[in-house]
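Reader: I have a structure to read and would like to learn how to go about it. Where should we begin?

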Amino acid sequence: MAYKVTLIPGDGVGPEITAAARRVIDASGVAIDWEVVEAGEAMIAEHGTPLPESVLDSVRKNKIALKGPLTTPIGKGFRSVNVTLRQELDLFACVRPARTLPGLATRYENIDFIVVRENTEDLYAGIEHRVGKNAAETIKIITREASERVVRFAFELARREGRKKVTAVHKANIMKLTDGLFLESARTVAESYPDIAFEDWIVDAMAMKLVQVPENFDVLVMPNLYGDILSDLAAGLVGGLGVAPGANIGDEMAVFEPVHGSAPKYTGMNKVNPLATLLSGVMMLRHLGESEAADRVMRAVAAVLTEKKAVTYDLGGTAGTSQMADAIIQKIS
Ligand code: NAD
C-alpha cells in the first residue's frame, strides 16, 4: 500500500527542490502516492488567497505533507502564508535538527542538537496595528497551554531519541510576564521528566553559547521568534540553509519543509541545493516509520557529499539542483 502524501511545490525555487526531493524519495523504495496541491503567489489571481482551502483540506485528509517554501512579501499584502498554514492546521511544534552531515566539512564537528520552536503564538500571532502615523504596535501572546504543550513535545522528543537534556530559551528577565510565563510553564513540565536534565538560558546568551559550545546542547525549546532566529544560526553551524531541514508537527498532522525560503533570485535556474528539502523528506520517512529507507537515502547523501563531485554552489560545487538529485539516486543501494 502506498502512503498518500500531500506535496506543495511552493514559490520561487520550491518547484525545483520539491521535484528533486520527490525523485530521491521515490527511489528509496517507499511507495508514495503524491497529491500535488498548489499554494503561493500564483494562486492569488484565481483564488484571492495564496492558501486556497483545498490545500488545507488535502493536508487534513492525508495528515502528512512535504512542502516547498512560500513567499511572503515584506511590509504589504497577505500575512505570512507559512504562519497561517501552521496556525490553521495547529502544527504547534516546529522541529529543526542541526546535525553535522557526514562528508560535509564545516567550522564545527559533531554538532547534534534540535531546535523546537513554538509555532502558533508569540509575536507571530499576527496582532499588529498602526498607532497614528508614526508608531506601530505588535502584541506578543504567550499562553500557559501552548507553552506547556510545546515543552512537553520537546521532552517527549528527547525521551524518544534517548537525549539527555532540554534547554528552555527565553528573555524572561525583560519580558517578565510573557516570557516569564513561558519559563514558568517549562519548569512545571520539566518536573514530570526527572530522567531528563533541564536548564534555561536567556536568548542572547544562548546565541553566544551556540557559537562557542554547540556540543553542550541537546534539545532546545523556545517561543516562536527566538526559534525562527536561532534555527537559522543552527543551520549556519552545519553547512547553511541549503542543508537545514524542518518539520511542523501537531497532534494529528505533520508538514515537512526546509528551513529556508523561496530564494526568488534563483527561481528556475536549477541552482539551489535540494538537500534541505530532501532531508525534510527523510524526516518524513522516519515519521512514517520507514527508517530503513531513510537510512538508505542518508548513506547516498553522505557518499555524494564525500565525493564532492555533484554538489551545488553553496557547498563549493557546480552541479545543479537536478544533477545533485541524480547523483544521490545513483548512490542509493
Ligand atoms: P531565503 O531562505 O529564501 O534565501 C536567502 C538566501 O539563502 C538565498 O538568496 C540563497 O543565497 C540562500 N539559500 C536559500 N535556500 C538555499 C538553498 N536551498 N540552496 C542554496 N542556497 C540557499 O530567504 P529570504 O530571501 O529572506 O526569503 C525569500 C522569501 O521566502 C520571502 O518571501 C520569505 O518570506 C519566504 N520564506 C518562506 C519560508 C517558508 O516557506 N517556510 C521560510 C523563510 C522565508
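Author: With the ligand: a residue counts as near a molecule if one of its heavy atoms lies within 4 Å of it. Here 22 residues are around the ligand, and Leu70, Thr72, Gly261, Ala263 and Tyr313 come nearest. This is a predicted model, in which local features need pLDDT of at least 70 and side-chain atom pairs count only at pLDDT 80 or more, while totals for chains, interfaces and linings use all residues. Residues are numbered from 1 along each chain as its sequence is written, and side-chain values use heavy atoms, with hydrogens and water left out.

Reader: How many residues of each class does the shell around the ligand have?

Author: For the classes, Ala, Val, Leu, Ile, Met, Phe, Trp, Tyr, Cys and Pro count as nonpolar, Asp, Glu, Lys and Arg as charged, and the others, Gly among them, as polar. The shell has 9 nonpolar, 8 polar and 5 charged residues.

Reader: Which polar side-chain atom lies 3.0 Å from an oxygen atom of the ligand?

Author: One of asparagine 82. A polar contact is a pair of N or O atoms within 3.5 Å; within protein, one must be able to donate a hydrogen and the other to accept it, and residues adjacent in sequence count only if both atoms are side-chain atoms. Lysine 67 also places a polar side-chain atom 3.3 Å from a ligand oxygen. Serine 262 uses a backbone N or O atom, 3.0 Å from an oxygen atom of the ligand.

Reader: Is threonine 120 buried or exposed?

Author: Buried means under 20% relative accessible area, exposed over 50%, and partly exposed in between (1.4 Å probe, protein chains only). Threonine 120 has 16%, so this residue is buried. Its place is in the loop between β5 (112-118) and β6 (128-131); helices (H or I, at least four residues) and strands (E, at least two) are DSSP runs, numbered from the N terminus. The side chains of threonine 120 and glutamate 118 share a polar contact of 2.6 Å.

Reader: What does β6 pair with?

Author: Two strands pair if DSSP finds at least two bridges between them. β6 pairs with β7 (residues 135-138) in the antiparallel sense, over 4 bridges. Histidine 129 stands opposite glutamate 137 in β7. The two strands form a hairpin with 3 residues between them, and glycine 132 in the turn has a positive phi of about 70°.

Reader: Which residue other than glycine has a positive phi near 35°?

Author: Alanine 263. Its loop runs between β12 (254-258) and α9 (275-287). Alanine 263 counts as partly exposed because its relative accessibility is 28%.
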